[in-house]
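Here are my notes for a first look at this one. They go point by point, so keep the viewer open as you read.

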Amino acid sequence: MSNIVIKVENLSKAYQLGQIGTGTISRDVERFFITKVLGKEDPFLKIGETNDRSTKGTSDIVWSLKDINFEINKGDAVGIIGKNGAGKSTLLKLLSRITGPTAGSIKVKGRIASLLEVGTGFHPELSGKENIYLNGAILGMRKKEITQKLDEIIDFSGVERYIDTPVKRYSSGMYVRLAFAVAAHLESEILVVDEVLAVGDAEFQKKCLGKMSEISRGEGRTVLFVSHNMSAVKSLCNKAMVLENGMLKYQGAVEESIAVYSKNFEESLAQNAKHYNVQHKINCFEVGVFLHNKKIFPNATLLLGDKITIQLQFQALESIFDLSIAMDILNIHEELVAHVTNEDDGMYFSKVEKNESFNLEITTRELLFSPGIYSINIWFGVGQQETLYTIKNAFNFVLEQSDYTKRTKAIPQQSKVYLHTNWLQK
Amino acid sequence: MLQNNDSNWDLVIKGRTSLFDIKFKDVWAYRDLLFMFVKRDFVSFYKQTVLGPLWFFIQPIFTTLVFTFVFGNLANISSDGTPHQLFYLTGITAWNYFSDCLTKTSTVFKDNAGIFGKVYFPRLIMPLSIVVSNLVRFGVQLVLLLLMMIYFALFPVENASFYITHAIWFFPFLVLLMALLGLGLGLIITAITTKYKDLTFLVTFGVQLLMYGTTIIYPLSYINTSYKKYIELNPMTPIVECFRYAFLGKGEFSVYSITYSVVVSLIILFFGIVIFNKTEKNFVDTI
């Protein structure tokens, strides 16, 4: 008797790019004629196009997933990681039967439930209790099952007092708690979870993570978890797979997979640095990043609390008055988390001569952002206004939780920075 | 090794499946959800309005008044010897149910793209729940019809009479038939509109025109021209005629014409389910 509960074979999914709608009738007819009448291969599904968003392909069809093969054993908690566009969401959609594969198959043993969103189908006019029933039924529970677990669900959600109030009166936090409580009590053998945990407050998130590891470890159920949050994946999963451009890049133990992913990520990010010389008055020819006096660029996995030095070598092509340099640090959502400028440390470039060259070192204090993925943009300008030269994604790094903090659980994803505190009992 | 045998697996998801691979078992497993949706529809409709279920009365009353004035008084179209108001109201009640089923199921994919894109359940549950939900409205309108019938029984009008016939036993069957026909057409339309949106525009006025092609404002017996055979081609005609015969004792239908309706409805429903089933697998990608 084998322990395999999910078996995926040659799974592929193609998407059509561009406009869908106009002109498709003629194409559909053509397609029908070629595939069904002549019995030939579909000419619109050209083989070999991978899903690389940055380069323009030759065909309108893109393979979001291509020839994926894997098996998952009973009781495993498998993290699915990969950068945006790697095919994680597509894989989830296929596993949850929201859309069908173009080719290949998925075989499943046992009931499969997926959580791509919490609170799907919640109706604002219905009470909390009615929504538990509705949402539970949508997720595939029988009414009887829900009734049996009703007390437990209400208890887990912590919104007992409002359970007969329409959910439109709920705060967003309560809403999410209730929704997750329903999902957490699903009795399916396999649970597929998207990054729905990125909601709710830290305390509740911890509770959810706890509940999920309880599900996979305690009850021997299988969990598939898609996330950008490496620490969540690490704490929840024992195995992981890395997707890249729609293909399965690596599959194995969680630590190795994350290492592969990070390396992957760094490599692909390093190529992304883009220099824009707006006015041709200055040229930045070297960006270096050092950690403990060792050059780390372009490989960059940093730990919470690391100090880095960024080295900029540039030359003025014309004389510039009041040159200013700024550095933006953005998180994965392209939100600005830090803005640094030469004025911060009292350094000024009031007059820069033509052909004068510089070797500048910017050293940070401890990096205390929340663990995650960050990119640094560098900006050269005049008087903090006029742009001369910019480098987008000059340096990208993954910041991982370290023993800088003694906590064992992950720092919640919504927290933007890590505030170091001293605790003292008097 | 039996590993490659599909029967070892509870669920096999494949790219290409047979057209007729319809998972009725799944639909049955999710039957509780169907009733949750019905309840949701009813409660949400009821909660958002001031007059609540009274709205169900208003539309047929006003339509009946207008029809009585325009077609009864001005155009002087026969009502087959039954009171005009009752004649129109029976037609409207039946037609409303059919057209509600049709128009609401015809936008199932569009209206539920959000929920369909996030969670799997047998998609057929949604249109089925619409058909059942509409029964509530139909039931309320039926009460209105019965009230009107009582009124006209107590205060009869000159030269007009009506009586309930034994055909009333066929009533559930007629309702089922209307539901299946409306559902079938709706399923076909919603499946096609995921790709070709143009059809959406056709539905609204198409249903309205179809009403004039059904014996709602005139009795079938009134038509003696060559148009009659086209009106008879409409599968709704025998249903409405039989419905009216059941309640008012007037109507022109035969076993033959009813059988015709049943056959057409079943064929349309069959195609509807097949095309809907085919579309549901990938519609998220195109809508």
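1. Start with chain A. Its secondary structure comes to 8 helices and 20 strands. Keep in mind throughout that this is a predicted model. Of the 426 residues in chain A, 40% are buried. Take the contacts in chain A between residues at least 6 apart in sequence: 72% of them join residues at least 24 apart.

2. Next, find the open sheet of 6 strands in chain A. Reading across, the order is E5-E6-E7-E3-E8-E9, and the pairing is mixed. At the edges sit strand E5 (112-115) and strand E9 (247-253) of chain A, each pairing on one side only. From one strand to the next, the twist averages 15°.

3. Now walk through some of the pairs in that sheet. E5(A) and E6(A) are parallel, with 4 bridges between them, and Ile112(A) has Ile190(A) as its bridge partner in E6(A). E6(A) also pairs with E7(A), in the parallel sense and over 4 bridges; here Val192(A) is matched with its bridge partner Leu224(A) in E7(A). Further along, strand E3 (residues 77-81) of chain A runs parallel to strand E8 (residues 239-244) of chain A, joined by 4 bridges. In that pair, Val78(A) stands opposite Lys239(A) of E8(A).

4. What covers the faces of E6(A), and which of its residues are buried? In a regular strand, side chains alternate between the two faces of the sheet. E6(A) is covered on both faces: Ile190(A) and Val192(A) are buried on one side, and Leu191(A) and Val193(A) are buried on the other. Look also for helix H2 (residues 88-95) of chain A, which lies across E3, E5, E6, E7 and E8 of chain A and runs at about 145° to E7(A).

5. On to the nonpolar cores. The largest has 133 residues, and Phe225(A) and Val233(A) have the most contacts inside it. Which element supplies the largest share of this core? That is helix H8 (residues 171-193) of chain B, with 12 residues. As for Phe225(A), if you leave aside neighbours within four places in sequence, its contacts are Ala77(A), Gly79(A), Ile80(A), Val193(A), Val233(A), Leu236(A) and Cys237(A). Apart from the largest core lies another, of 32 residues, including Ile308(A), Met327(A), Leu367(A) and Ile373(A).

6. There is a second sheet to look at, and chain B takes part in it. This open sheet has 4 strands in the order E2(A)-E1(A)-E4(A)-E1(B), with antiparallel pairing. Strand E2 (61-73) of chain A and E1 of chain B stand at the edges with a single partner strand each, so one side of each has no neighbour in the sheet. Ignoring direction, neighbouring strands here are turned by 15° against each other on average.

7. The pairs in this sheet are worth tracing too. Strand E1 (residues 4-16) of chain A is antiparallel to E4(A), over 5 bridges, and Val8(A) finds its bridge partner in Ile106(A) of E4(A). Across the chain boundary, strand E4 (residues 103-108) of chain A and E1(B) run antiparallel, joined by 4 bridges. There, Lys107(A) is matched with Val12(B), its bridge partner in E1(B).

8. What about the rest of the interface? In total, 30 residues of chain B are in contact with 39 residues of chain A. Strand E1 (11-14), helix H2 (31-47) and helix H13 (283-286) of chain B each put at least two residues into the side of chain B that touches chain A. H2(B) gives the most, with 7 residues. Sorted by class, that side of chain B has 13 nonpolar, 7 polar and 10 charged residues.

9. Last, a record to set beside chain B. An unreviewed UniProt entry places the feature "transmembrane region" at residues 54-75, 135-155, 167-192, 199-220 and 253-276 of chain B. In the model, residues 54-75 of chain B are 91% helix and 0% strand, with end C-alpha atoms 30 Å apart. For residues 199-220 of chain B, the end C-alpha atoms also lie 30 Å apart, and the span is 64% helix and 0% strand.

How values were computed: Residues numbered from 1 in each chain as written. Chains lettered and ligands numbered in written order. Predicted model: local features only at pLDDT ≥ 70, side-chain atom pairs only at ≥ 80, totals over all residues. Contact = placed C-beta atoms within 7 Å. Nonpolar A, V, L, I, M, F, W, Y, C, P; charged D, E, K, R; others polar. Pairing = 2+ DSSP bridges. UniProt positions renumbered as here; feature names shortened; annotations may be inferred. Core = buried A, V, L, I, M, F, W, Y, C linked by C-beta atoms within 7 Å. Buried ≥ 20, exposed ≤ 12 C-beta atoms within 10 Å, placed from the backbone. Axes fitted to C-alpha atoms, helices over the stretch in contact; angles between N-to-C directions.
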